[in-house]
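Trainee: I should like to learn how to read the features of a protein model. May we work through one together?

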Amino acid sequence: MLALKRIVTVAVMVYLLLAVLFVLAPAVRTSVMGMGDGLSALEQERSFYYTMFLIGAGLLALHLITENLDSVLLRRSVSQHENKINELKAKLYDQQQRAVPPVGVPSARTIDGRVNTEHTTVHPTQSQAAGTASLTENRTADHLPQPTFPQSDPSLTNTPPAERPPLA
């Protein structure tokens, strides 16, 4: 479709250039009109402009048809792609809904990784009951476990707010 559209556009441009040439150069116009029948000069000019009008109208109609057909095909393609995107979004949403626990069922940890003690009872391990902290978590001032990561970059979100550098 794109090739047909380009061919028609080039044909329209060539026609426009020839029409401008015929209008602005009377010598070219009379030599082209003289190729026809043995009519008078007035009849030859009338026939020439009538033929130019018919060719121009045909090219214009062909150009409009190809442009509209290309536009319809592009709109159809865009709507198909949008429908495909919506289907993929729906599948992703369904997968996320299956992965999230139902509302009302308390989870064992909060968003920041702390143990939610309001809804669940936590049984301490032997090392925690003896008062020693495990290797994978530190106890903060509010006595909630906080995981310790190997990196000690103060710009990471796992560092306490007091140790974070101010935003510049």
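Mentor: We shall take the overall layout, then aromatic rings, charged side chains and the surface. Please keep in mind that this is a predicted model.

Trainee: How many helices and strands are there in the protein chain, and what pattern do they follow along the sequence?

Mentor: The protein chain contains 4 helices and 2 strands. Read along the sequence, the pattern is α-α-α-α-β-β. Three of the helices will concern us: α1 spans residues 2-24 and α3 spans residues 41-99, while α2 covers residues 26-33.

Trainee: What percentage of the residues count as buried, and what is the accessible surface of the protein chain?

Mentor: Of the 168 residues, 12% count as buried. The accessible surface of the protein chain comes to about 13,600 Å², and 65% of that surface belongs to carbon and sulfur atoms. One may also ask how contacts are spread along the sequence. Among contacts between residues at least 6 apart, 36% join residues at least 24 apart.

Trainee: How does one describe a pair of aromatic rings?

Mentor: In general, one gives the distance of the centres and the angle of the planes. In this structure, a search of the whole model finds 2 aromatic pairs. F22 and F48 make up an edge-to-face pair, with 5.1 Å from centre to centre and 80° between the planes. This pair links distant parts of the chain, since F22 belongs to helix α1 and F48 to helix α3, 26 residues apart.

Trainee: Are F22 and F48 buried or exposed?

Mentor: Both F22 and F48 are buried. F48 also forms an edge-to-face pair with Y49, at 5.4 Å centre to centre and 65° between the planes. Together, F22, F48 and Y49 form one aromatic cluster.

Trainee: Why does F48 count as buried, and why does Y49 count as partly exposed?

Mentor: The label depends on relative accessible area: buried means under 20%, exposed means over 50%, and partly exposed lies in between. F48 counts as buried because its relative accessibility is 9%. Y49 counts as partly exposed because its value is 35%.

Trainee: Let us turn to charge. When can side chains of opposite charge pair?

Mentor: They can pair when their charged atoms come close. The structure holds 3 salt bridges. In one of them, the side chains of E67 and K5 meet at 3.9 Å, N to O. That pair links distant parts of the chain, with E67 in helix α3 and K5 in helix α1, 62 residues apart.

Trainee: With which other side chain does K5 meet in a salt bridge?

Mentor: K5 meets the side chain of D70 at 3.1 Å, N to O. Here again distant parts of the chain are linked: D70 lies in helix α3 and K5 in helix α1, 65 residues apart. D70 counts as buried because its relative accessibility is 10%, whereas E67 is partly exposed, with a relative accessible area of 28%.

Trainee: How far apart are R46 and E43 in helix α3?

Mentor: R46 and E43 are 3 residues apart in helix α3, and therefore about one helical turn separates them. They form a salt bridge, their closest N and O atoms being 2.9 Å apart. R46 is partly exposed, with a relative accessible area of 49%, and E43 counts as partly exposed at 33%. As for the salt bridges that share partners, they join K5, E67 and D70 into one network.

Trainee: Which side chain of opposite charge is nearest to R29, and how far away is it?

Mentor: That side chain is E45, 4.5 Å away. R29, in helix α2, is buried yet has no salt bridge. The cut-off explains this, because a salt bridge needs the nitrogen and oxygen within 4 Å. Leaving aside neighbours within four places in sequence, R29 is in contact with F22, V23, E45, F48 and Y49. The three members of the aromatic cluster, F22, F48 and Y49, thus reappear among these contacts.

Trainee: Finally, which residues make the nonpolar surface patch?

Mentor: M1, L4, L69 and L73 make this patch, with an area of about 320 Å². M1 is found in the segment before α1, and M1 counts as partly exposed because its relative accessibility is 34%.

Notes. Residues are numbered from 1 along each chain as its sequence is written. This is a predicted model: local features need pLDDT of at least 70, side-chain atom pairs count only at pLDDT 80 or more; totals for chains, interfaces and linings use all residues. Side-chain values use heavy atoms; hydrogens and water are left out. Rings of Phe, Tyr and Trp (its six-membered ring) pair if their centres lie within 6.5 Å; planes under 30 degrees apart count as stacked, over 60 as edge-to-face and the rest as tilted. Buried means under 20% relative accessible area, exposed over 50%, partly exposed in between (1.4 Å probe, protein chains only). Patches are made of residues with over 30% relative accessible area and no salt bridge: like charges are joined within 9 Å, nonpolar side chains (Val, Leu, Ile, Met, Phe, Trp, Tyr) within 5 Å. Accessible areas come from the Shrake-Rupley method with a 1.4 Å probe; for residues, only the protein chains shown count as cover. Lys and Arg count as positive and Asp and Glu as negative; His and the chain ends are not counted. Contact means heavy atoms within 4.5 Å.
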